[in-house]
Structure formats: structure tokens, C-alpha cells
Number of protein chains: 2
Amino acid sequence: MEIVFLGTSGSMPSPHRNVSAIAIKRGGEIILMDCGEGTQRQFMLSKLSFMQVSRILISHFHGDHFLGLPGLVMTMSLNDRTEPLEIYGPTGTVRTVQSLLDINLFKPTFETRVRDLEPGDEVDCGEYWLKVTDSPHQVPCLAFALEEKLRPGRFNLEKVQALGVPEGPLYRKLQQGHAVDWEGKRIAPEDIVGPPRRGRKIVYTGDTRPNEGLVPFARNCDVLIHDATTESTLEEQANKYGHSSARQAAGIAKRTGAAVLFLTHISPRYGDPEAIEADAKAVFPNSHVARDFFEYKVPLPDGEPGPQKEL
Amino acid sequence: MEIVFLGTSGSMPSPHRNVSAIAIKRGGEIILMDCGEGTQRQFMLSKLSFMQVSRILISHFHGDHFLGLPGLVMTMSLNDRTEPLEIYGPTGTVRTVQSLLDINLFKPTFETRVRDLEPGDEVDCGEYWLKVTDSPHQVPCLAFALEEKLRPGRFNLEKVQALGVPEGPLYRKLQQGHAVDWEGKRIAPEDIVGPPRRGRKIVYTGDTRPNEGLVPFARNCDVLIHDATTESTLEEQANKYGHSSARQAAGIAKRTGAAVLFLTHISPRYGDPEAIEADAKAVFPNSHVARDFFEYKVPLPDGEPGPQKEL
């Protein structure tokens with residue numbers, strides 16, 4: 001699983017940063033979190049294919065988070081997409097996306113499945129969940145978690161080979177949790193297969209004031225991507241407009257037990273956001289200012305079972 | 001007067017070209033013809049200031065021609081714009097632009113004055129006219145002409161000095177078309193001031209099939225900016241989708257007596273559009289494929305009076 005930042009500027013683009021869009025590539029599919037104006041072209045300038053986008057999550061309906069949607073849908077159509085596209089966002093998304101697509105005098109070649117989400121909703125996406133909480137901002141805004149389901153436990157190849165079990169159907173039975181009889185002995189699956197391993201968890205806040213409610217929602221996440229519009233000296237102003245400073249984002253990362261923090265929605269006032277990164281690192285050392293086209297491979301967690309209550 | 005191409009790709013962007021937008025800088029104001037997604041960032045990457053845009057003309061409501069509008073309005077607001085912004089387009093523009101601005105949960109800080117135009121309409125903009133005709137495309141589409149009004153005739157400084165008239169109020173009277181008495185002689189304005197000189201004329205087609213109706217509309221223009229989606233070998237396909245080939249654009253340029261032809265809306269299938277330029281040059285030698293950020297200063301016409309019927 002890999003995160004590619006396609007837009008990291010706050011409110012408006014700058015020559016060096018486009019507006020909000022974060023692509024999460026997982027296997028052959030891409031989950032896109034926010035889709036600011038120009039996202040389709042950011043895809044073209046990245047190594048990713050926008051044709052692999054299966055789901056688009058819109059945090060809220062400020063232009064810098066959703067205005068790339070109709071153009072992306074149009075370009076997918078011009079590239080003969082036929083697979084349905086899932087689009088999720090806060091209350092009003094069904095109506096808003098429909099209006100947005102209707103305004104363009106262009107009929108998509110595929111179905112858009114649009115869904116309003118409420119804080120607390122969980123969407124089962126097969127191998128992972130998309131979970132939702134609210135982010136306090138100027139307008140209704142959602143934070144999203146992508147949480148992989150438990151992965152099968154580690155298969156102890158050495159042990160099973162030592163028992164002389166031949167590769168093939170018996171291995172599969174064990175992996176699927178069934179006991180196996182071999183040369184008069186019963187082998188229990190838990191002898192060979194370790195406990196289920198936790199998946200990865202990525203949390204994106206959208207635009208948000210510092211939000212204590214995020215701490216349990218994002219607990220022990222592998223990656224926290226947090227609004228960090230300003231450095232700490234401009235914190236009051238950031239909060240006034242429904243945003244966070246880098247220091248505040250880092251405080252949340254620390255309390256939630258995140259493994260790594262990426263700061264995004266950087267105000268275009270910052271040419272080089274050194275001050276922002278320094279503010280965050282002072283609180284939470286593993287903080288990084290995201291940059292357009294920056295890629296982060298999310299490591300697989302170790303074999304030990306994860307906190308199952310999270311999954 | 002200077003033309004800056006901000007987006008020259010057809011239907012969707014490519015890594016090297018953004019979608020349609022053409023800025024015409026005239027004095028301290030910019031007239032923007034089409035405003036595809038990402039135009040605000042193209043402004044930021046150009047030498048122009050988007051804050052100088054006084055009028056936006058939308059040729060038609062396909063996404064690659066108008067989806068940059070709400071983001072540009074939002075960014076102008078975030079930069080504290082207070083001057084009204086004029087927005088013109090085909091029938092339905094008032095309704096469409098209002099919906100588009102309403103979808104964004106963001107209130108502009110300035111007034112948008114939106115107006116539906118019909119083929120044949122002429123908007124008096126003080127020193128120039130904006131004139132409109134229709135372009136045959138898949139959906140209602142307009143072509144635009146920016147026509148400067150007559151400029152005052154050339155002031156013959158040598159002659160007036162030889163007559164001994166002192167610089168000052170008498171010069172102004174002559175320039176304003178009044179006779180002047182000096183040392184017992186009556187000096188008529190036409191003795192000193194030449195006939196009014198024609199202004200410049202720039203025509204932009206929007207998306208269009210080859211259109212004979214454009215020939216009189218664009219007659220003797222200084223610059224013709226024409227849809228040239230494909231090279232001539234793909235002409236049939238271009239026409240089927242309401243576009244022109246480069247050869248067809250050049251044919252119109254030739255018949256209309258344009259001084260220079262810029263080809264735009266280049267299909268993203270062309271990495272290097274050499275074939276497109278060659279096709280056009282074979283018919284109309286002064287043809288050029290526009291590129292993003294290409295600038296063209298429109299020369300002032302010579303002193304001779306222009307065809308007054310045009311103005």
C-alpha cells in the first residue's frame with residue numbers, strides 16, 4: 001500500500017503545490033481522498049493511472065477539495081471507462097455531485113455510485129473498511145480512515161516441512177483454519193499458522209480545527225495525514241478559519257499513537273515550509289511536510305497480532 | 001495588446017498542455033476566453049495576474065472550457081477582490097454559473113455579473129467591442145471577436161510645429177477635432193490629424209466544425225485562434241465530434257484574410273504536433289500551433305484607416 005500526495009496546498013494552489021488530493025494505491029485499485037481542481041492533471045504528472053481509481057472520498061464541499069471531480073469523470077469517460085465509480089462524502093454529496101455532473105454537458109460512459117456518509121459510518125470494501133468521523137471546520141467536513149481487515153497469520157513453513165507434510169491441498173486446509181491428518185498425527189491449524197495479523201490504518205482529517213475526537217478514531221494508525229495550514233505563530237488565525245497549526249497536528253499525532261505524521265493543506269504563504277515542519281517535529285519527531293508527488297510506502301505491520309478491537 | 005495561451009489541449013489535459021484558456025491582456029485588464037480546469041494555476045505559472053481579469057467569456061459548457069471558473073472566483077475572493085467580474089457565455093450561462101458557484105460552499109467577496117449572449121450580440125466595453133457568433137459543435141457554442149474601436153488619427157507634429165502653433169491646449173483642440181485660429185490663420189483638424197485608424201481584431205472560435213459563417217465574422221482579423229483538434233488524416237473523426245482539422249482551420253484563416261492563425265485545442269494524442277502545423281502551413285503559411293504560456297504581442301495596425309464597416 002502506497003500513498004501518493006497529488007495536492008498539498010491549502011485553499012488555493014501555488015506554483016509548487018496543487019490543491020488537496022491524496023491517492024492511496026492498494027493492489028490494482030486507487031482510493032482517492034479529496035479531488036481538488038487539477039487533480040486529473042496531477043495524476044498525469046505522477047506515476048499513477050487515474051483509470052485505477054475505484055473510490056473517491058470528498059471531505060467537504062470547499063472548491064479546493066472537490067472541483068476536480070467533474071473533469072476527472074469526463075476524462076475517465078473519454079478514456080472509455082466502463083467500471084462504476086464510488087463517490088462518498090458528507091450529507092448532501094448525492095445531490096451536489098449530481099448537480100456538478102449535470103452542469104457539464106457531457107454524459108459519463110460509466111455509472112457513478114454516490115453516497116452520503118455520516119460520522120460513525122463504516123463502508124465494507126472487502127479487504128478493508130472505510131470509516132468516517134466528523135472534522136470541525138467551517139462547513140460539514142469528514143475525516144476518513146482506511147483500515148485493512150485482519151490478514152491471515154504467518155504460515156510456519158519450516159515447521160510444516162519438518163513434519164513432512166507435502167506442499168499442496170493440505171497446506172491450503174491449514175491456512176484456511178482446518179485440522180489436517182498426516183501419517184497418523186492430527187495437526188491443528190494453530191500449530192502452523194500464527195494468529196491473524198493486523199492490517200494497516202491510514203487516517204486523513206480533511207480540513208479541521210484541532211479535534212480531540214480524532215484521537216480515538218485514529219488510535220495507533222500507521223499514517224496520520226493532518227491539516228497543518230500554518231506554523232504555530234499563526235495558530236489563532238488557522239483555528240479561526242477551521243484549520244490547525246503544525247504544532248496542533250503533531251499533538252494529535254502524539255496522543256493518538258500514530259507511526260508517522262504527514263502535514264498537508266499548507267498555506268500558499270509558505271514558499272519553503274521549514275518552519276511548519278520544525279514546529280511539528282518539536283512535538284512529534286516523525287513529522288513530515290507532504291509535497292506534491294511525494295510517495296510513501298506504508299510498511300506491513302510485524303507478525304504480532306494487532307489490537308483487534310480496532311479492526 | 002498581448003495574447004497569452006494558458007491552455008491549448010483538446011478535451012482533456014496532457015502532461016504538457018492544460019485545457020482551454022486564452023488570456024488577452026489589454027492595458028491593465030485581462031479578457032479571458034474560456035476557463036478550463038486548472039486555469040488559476042496556469043495564471044500563477046505565467047507572468048499574468050489573475051486579479052486583472054475583468055471579463056471571462058465561456059464558449060460552451062463542456063468541462064474543459066469552464067470548470068476552472070468556480071476555483072478562479074474562489075481564489076480571487078481569497079485575494080480580497082472587490083471589483084465586479086463580468087462573465088459571458090451562451091444561452092443558459094446565468095443559470096449554469098449560478099449553480100456552479102452555489103455548489104461551492106464559499107461566498108465570493110465580489111459581484112459576478114453574468115450574462116447570456118446570443119449570436120449577433122455586441123457588448124460595448126468602452127475602447128473595444130466583444131462580438132459573438134455561433135460555432136457549430138456538439139452543444140451550443142459561441143465564437144468571440146474582440147474588436148478595438150477606431151483609434152484617433154495620426155497627429156502630424158512636424159506640420160503643426162512648422163505652422164508655429166505652441167504645444168498645449170491648441171494641440172488638444174485639434175486632436176479633439178476642432179478648428180484652431182493661430183496668427184490669423186484657421187487650421188482645420190484634418191490638416192493636422194490623419195483619418196481615424198482601425199483597431200485590432202482578435203477572433204477565437206471555441207470548439208467548432210469548419211464554419212463558413214465565421215469567414216465574414218472574422219474578416220481581416222489580426223489574429224484568428226481556431227480549433228485544430230487533429231491533423232488532416234483524422235479530419236473525418238474531428239468533424240464527427242464537432243471539431244476541425246488543422247487544414248480546415250487554415251482554409252478559414254485564408255478565406256477570412258487573417259494576419260496570423262494560431263491552432264489550439266490540440267488533441268492530447270499529439271506529443272509533438274509537427275504534423276498539425278505542417279498541414280496548416282501548406283494552406284496558410286502564417287500558421288502556428290499554440291503552446292501553453294506562448295505569448296503573442298498583437299502589432300498595432302499601420303496608420304491607414306481600417307475598414308470602417310468592421311468597427
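How are H10(B) and H11(B) oriented to each other: roughly parallel or roughly antiparallel? They are roughly parallel to each other, because angles under 35 degrees count as roughly parallel, over 145 as roughly antiparallel, 65 to 115 as roughly perpendicular and the rest as oblique. Let us see where that comes from.

This is a predicted model, in which local features need pLDDT of at least 70 and side-chain atom pairs count only at pLDDT 80 or more, while totals for chains, interfaces and linings use all residues. Residues are numbered from 1 along each chain as its sequence is written, chains are lettered from A and ligands numbered from 1 in the order in which they are written, and side-chain values use heavy atoms, with hydrogens and water left out.

**Helix pairs**

Helices here are DSSP runs (H or I, at least four residues; strands are E, at least two), numbered from the N terminus. Their axes are lines fitted to C-alpha atoms over the stretch in contact, and angles run from 0 to 180 degrees between N-to-C directions.

| Helix pair | Axes | Angle |
|---|---|---|
| H10 (residues 246-256) and H11 (residues 274-283) of chain A | within 8 Å | roughly 30 degrees |
| H10 (residues 246-256) and H11 (residues 274-283) of chain B | within 8 Å | roughly 30 degrees |
| H3 (residues 69-78) and H4 (residues 93-103) of chain A | 9 Å apart | about 60 degrees |

The angle in the last row makes H3(A) oblique to H4(A). Their crossing is right-handed, a word used when the near helix is turned clockwise from the far one by less than a right angle (anticlockwise is left-handed). H10(B) also passes H11(B) in a right-handed crossing.

Which residues of H3(A) and H4(A) meet? A:Leu69, A:Pro70 and A:Val73 in H3(A) touch A:Val97, A:Leu100 and A:Leu101 in H4(A), where contact means heavy atoms within 4.5 Å. This contact has six nonpolar, no polar and no charged residues. In these classes, Ala, Val, Leu, Ile, Met, Phe, Trp, Tyr, Cys and Pro count as nonpolar, Asp, Glu, Lys and Arg as charged, and the others, Gly among them, as polar.

In chain B, the residues B:Ala246, B:Arg247, B:Ala250, B:Gly251 and B:Lys254 of H10(B) meet B:Ile276, B:Asp279, B:Ala280 and B:Val283 of H11(B). Here the classes divide into five nonpolar, one polar and three charged.

**The two chains**

How do the copies fit together? A rotation of 180 degrees with 0.0 Å of shift along its axis superposes chain A on chain B, with an RMSD of 0.1 Å. That is the relation of a two-fold axis. In chain A, the C-alpha nearest the axis belongs to A:Gly38, 2.5 Å from it. The superposition is by least squares on the C-alpha atoms of residues with pLDDT of at least 70 in both copies.

**Domains**

Chain A is divided into domain 1 (2-151 + 197-310) and domain 2 (157-192), with bounds from an automatic or database domain assignment. Their C-alpha centres lie 43 Å apart.
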